[in-house]
Amino acid sequence: MNKKQCTAATKLIEILKKQGVECIFGLPGGSAIPLYDALALSDMKLVLTRHEQGATHMADGYARSSGKPGVVLVTSGPGATNTLTGVMTAMMDSVPIVVLCGQQLTSNLGLDTFQEADVSGMSYPIVKHSFLVKDPNELPSVINQAFHIANTGRPGPVIVDLPKDVTSALIDEDTTGEFTLPGYVVRKEGNLDSIKEAAAMISKAEKPILMVGHGAVISGAGQEIKAIVEKMQIPVTNTLLGKGCFPESHELNLGMPGMHGTAYANMALCECDLLVSIGARWDDRIAGSPSDFLPQAKKIHIDIDPVEINKTVQVDCSIIGDAKSVLNSLYGYLEKGNTQRWIKLIRRLKREYPLKYKKEGKLRAQHVIEEMSRLTKGEAIVTTDVGQHQMWAAQFFKTEHTRHFLSSGGAGTMGFGFPAAIGAQLANPGRIVVAVVGDGGFQMTLPELSTAVNEKLPIKILLINNRYLGMVRQWQHMFYDNRLSGVDLEGNPDFVKLAGAYGCKGFRVKRSADVRKVLGAALAYNDGPCIIDAEVEKYDNVFPMVPSGAGLDKMLLSMPRNKLEKPKGGT
Amino acid sequence: MSDFQKRHNISLYVENKPGVTIRIALVFARRGYNIESFVGSPAQDSRYSRINIEATGDSQTLHLMLEQLNRLVDVIHAREYSDEDVIQKELALIKVRCDNNSRTEILQISDAFKCRNVDISDTTMTFQVTGKSSKIDAVSKMLDKYGVLEVVRTGKLLIARGEEETSW
C-alpha cells in the first residue's frame, strides 16, 4: 500500500509549527505560490508586508525582542534580493532569522528565466548559512537544519532557496527531518583554566570595568552579570546592542561607551586597569583605533565565536563559550577585591560630566526622547533607525530590561526601526513599543504603515524630524567646512497627513512646552499605530563625539572652535 | 620575503556539496589573500572532500582566516601545515619544444629528474614529473632554454607523516 503523501510545502508549514513558529512575515510571488497555498490550508499566521526588506526587519525585530527565530517567506528573484539588506543587518548583529525564498524550477536554474536569481550564491558573504533544496525529500531535514543553525551558537540569518517544483512535489507524510552537521560545533562551556585566569585578573584589578554586549543579551546573562557586579563592585558599560542587559538606572551603570557614548563611560575606560568584554566585539564605534586601544588596561574577552578573539583588539585572556555559562562558572572563582576608590571616581565622573542639552528655546530631539523614556518608565521596547536620533535614543532612553532596545548596530541599516517595531509588537502584544526614527530612515520603509494598521498594532512612531540626514550633515559641518551635500530633505511629506492617508493617528509637537502633553496623548492612543511628528532643531549635533578612528581620549564634549582634521576612521 | 607575501599551506576537510568551494574562496578573497593553488577531490568517505590550498598573504590574517574557515558550516576542519614536516607532492606535465639536436640533451635532463616521457612528436616532448613543488620549479627552469610550451601543475598535495591524519 502506498504511504500517505503531502506536498513538500505542506510538510514545510508543519515543520515550522513544530519549530514553534507563530507567524511568518512575507510577500508572495509566482515561485512562492505553492508555499502560500500551503499557508492558506494551514492556520499559520501570515503578516503580509509591503516590501520584502520590511519583512526581514520585522522578523529581525521579532527575534531580537523574543529570542525566537523570525521567519520570512518571499518569492524568487527581486523578492529574494529585496531581503538581502535585512539579512545582512541580521548577520552583523547575530540575529536568528530564517528566510524562505521561492525559486524558479530546478530545471530553469542558471538559464536566466523569469525572476530567477542565484540567491544562495549572492547570500554567501552575508549569511550564517544558506541552502538550495533540490530534492523534495530533503526539505524537512534542511528546514530543521536552518532553524538549528540560525538559533544556536552565535545566532545568524539562514536563507533557504526553494524551487517551485520542489515545494510542489509530493513526499511521504512521514519523511524524516533528521540531520547531522559534522562541521557545525557549538562550544558552550568555557575552558576552565582560562576562566580561573580571568577570575584571578578580575579579583586583582583595582579599576575594572565590564563591557556588556549583544552576546550577553542573546545568552540571557543578565542575572549573572548583576551577581558579579554586586559581589565585586565593578562598574558596567553597555554597548548599543548590550543596552538593557544590565539596568541603566543602576548606580554602577555607565551607559554606552564609544563614538557617541557618555563622557563618563569613555573617561572611565581611559582610566581602567582591566576591561572585561562579555559578548562585545570591540567594534570600531568603540575601539576606533584598535592597535592602541586603552593600552593601560588588561583585557579579557568572553565570546562564543572564536573568530572574534584577537580579530581587532589583542586581548590578554580569552574565554570561548556562552556568556551565561562562562559567567556562572567564573563567579565561583572571584574573590572580592577593593574597588572603593574606583567607585568613588566613577560616581564623581557621572556627577561632573552628565549628558546634557538645552531645554529652553527650540524643541530638542533629546528632550522628546528623554520625556518618552520618563513616561514609559523603562518598560517600553524601543526600536531605532540609524543616525543622530539613534545615538540620542541610546543616550537618553534609559533601558531597564534585556531585549528592550533594538537597533541596527553593525550594519547601520536605515529603514530598520519601524518594521522592527512591528515584529517586536507582534512578539510582545501587551507591551508598549516605541519606534524612534528619523525622517530620513522612516521614509525608506514607511509603506509598512499599511502592515501596522492592518494588524492594529499600537506602535508609537516617534519621528525625530529635523528635515536633514542629520548624522551626515553633522560630519559635513564638523569635518568638511559645513559644505552640505545631499543631506537636505526638502520635499518631506506632511507626516500627520501621511498618517491620515494610511488610516493611522498623527500627532505633532513643535514646542518644548507641549512635549509631555503630546507624548501622553500618543501613549494613551491604542487603537493602532500613531506617528508623533516631532519637529526638532535642525542643526543640533550629537555630543560627546569621538572622531572615527581616534582613541577615546580624543573625545569632544561640544563643537570645538578650531578647525577639525578629517577623521582617520572609515565611517 | 616580506611577511605579506608568505605562502601558507592549508588543508581542509569539508562536506562534498555544491557551493562549498565558493564559501571557502570568499574567506580568502575578503582579507586579500591570493590563492596560488587549489586541489580538491572526494575523500575515502565520499560524503566529504579534501582540499589543499596554497595561498599568499600576511601571517597575522592567517589565524583569523582559519577561524573563519572553521566557522563555515560545511567545513569540518581547516588547518595550516606551512612550517611542519608533512609529505608534500605535486604532479606536473611539461611540454617542451625539441629538434634532433636538442632531443638527447632534453632526455638527459628529464632522466636526471626521473621524469616520465608521456608524449613525443617531431617538434615536442611532454614529460610527467612528480615530487616537491621546488623540484618541479627546478625541472621547468632547466628546460626553459629549449622553449617550454606549456606547464600544467596540480598544485600541492599534503599528507601528514606516520599515524597523524590531515583531517578530523
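Reader: How much space lies in the largest cavity?
Author: This is a predicted model, in which local features need pLDDT of at least 70, side-chain atom pairs count only at pLDDT 80 or more, and totals for chains, interfaces and linings use all residues, while side-chain values use heavy atoms, with hydrogens and water left out. The structure holds three cavities of 30 Å³ or more, a cavity being a set of points on a 1 Å grid over the protein atoms alone where a 1.4 Å probe fits but cannot get out. In the largest cavity the space, taken as that filled by probe spheres set on the points, comes to about 60 Å³.

Reader: Which elements give two or more residues to the lining of the largest cavity?
Author: Residues are numbered from 1 along each chain as its sequence is written, and chains are lettered from A and ligands numbered from 1 in the order in which they are written. The largest cavity is lined (an atom within 4 Å of a point) by Arg64(A), His214(A), Val217(A), Leu241(A), Lys243(A), Arg403(A), His404(A), Phe405(A) and Leu406(A). Helices (at least four residues) and strands (at least two) are DSSP runs, and those that contribute two or more residues to this lining are helix H10 (214–219) and strand E15 (405–406) of chain A.

Reader: By class, what residues does the lining of the second largest cavity have?
Author: The second largest cavity, with a volume of about 40 Å³, is lined by Gly258(A), Met259(A), Asp284(A), Arg285(A), Ile286(A), Gly288(A), Val546(A), Pro547(A), Ser548(A), Gly549(A), Ala550(A) and Leu552(A). Ala, Val, Leu, Ile, Met, Phe, Trp, Tyr, Cys and Pro count as nonpolar, Asp, Glu, Lys and Arg as charged, and the others, Gly among them, as polar. For comparison, the lining of the largest cavity has four nonpolar, two polar and three charged residues. In the second largest cavity the classes come to six nonpolar, four polar and two charged residues.

Reader: Are H1(A) and H2(A) oblique to each other, and which residues of H2(A) make the contact with H1(A)?
Author: Helix H1 (residues 8–18) and helix H2 (residues 33–40) of chain A pack at an angle of about 55°, with their axes 8 Å apart. That angle makes H1(A) oblique to H2(A), where under 35 degrees counts as roughly parallel, over 145 as roughly antiparallel, 65 to 115 as roughly perpendicular and the rest as oblique. The residues of their contact (heavy atoms within 4.5 Å) divide into seven nonpolar, one polar and no charged. From H1(A) the contact draws on Ala9(A), Thr10(A), Leu12(A) and Ile13(A), and from H2(A) on Pro34(A), Leu35(A), Ala38(A) and Leu39(A).

Reader: At what angle do the axes of H11(A) and H13(A) cross?
Author: Between helix H11 (residues 222–232) and helix H13 (residues 323–331) of chain A, the contact is made by Glu224(A), Ile225(A), Ala227(A), Ile228(A) and Lys231(A) on one side and Lys324(A), Leu327(A), Asn328(A), Leu330(A) and Tyr331(A) on the other. By class, this contact has six nonpolar, one polar and three charged residues. H11(A) and H13(A) are therefore roughly parallel to each other, since their axes, lines fitted to C-alpha atoms over the stretch in contact with angles from 0 to 180 degrees between N-to-C directions, come within 9 Å and cross at roughly 30°.

Reader: By class, what residues does the contact of H3(A) with H5(A) have?
Author: Helix H3 (residues 52–66) and helix H5 (residues 84–92) of chain A pack at an angle of about 25°, with their axes 7 Å apart, and H3(A) and H5(A) are therefore roughly parallel to each other. H3(A) brings Gln53(A), Thr56(A), His57(A), Asp60(A) and Arg64(A) to the contact, and H5(A) brings Thr85(A), Gly86(A), Thr89(A) and Ala90(A). Among these residues, Arg64(A) also lines the largest cavity. By class, the contact has one nonpolar, six polar and two charged residues.

Reader: What is omega for the cis peptide bond that joins Phe543(A) and Pro544(A)?
Author: Pro544(A) is found in the segment after strand E19 (530–535) of chain A. The peptide bond joining Phe543(A) to Pro544(A) is cis, with omega of about -5°.

Reader: Where is the place of Asn310(A)?
Author: Asn310(A) has a positive phi of about 60° although it is not a glycine. Its place is in the loop between strand E12 (298–303) and strand E13 (317–320) of chain A.

Reader: What pattern does chain B follow along the sequence?
Author: There are four helices and nine strands in chain B, whose C-alpha trace spans about 60 × 40 × 30 Å along its principal axes. Read along the sequence, these elements follow the pattern β-α-β-β-α-β-β-α-β-β-α-β-β.

Technical notes: On a 1 Å grid over the protein atoms alone, a cavity is a set of points where a 1.4 Å probe fits but cannot get out, and a pocket is an open set with protein on both sides within 12 Å along at least five of seven lines; lining residues have an atom within 4 Å of a point.
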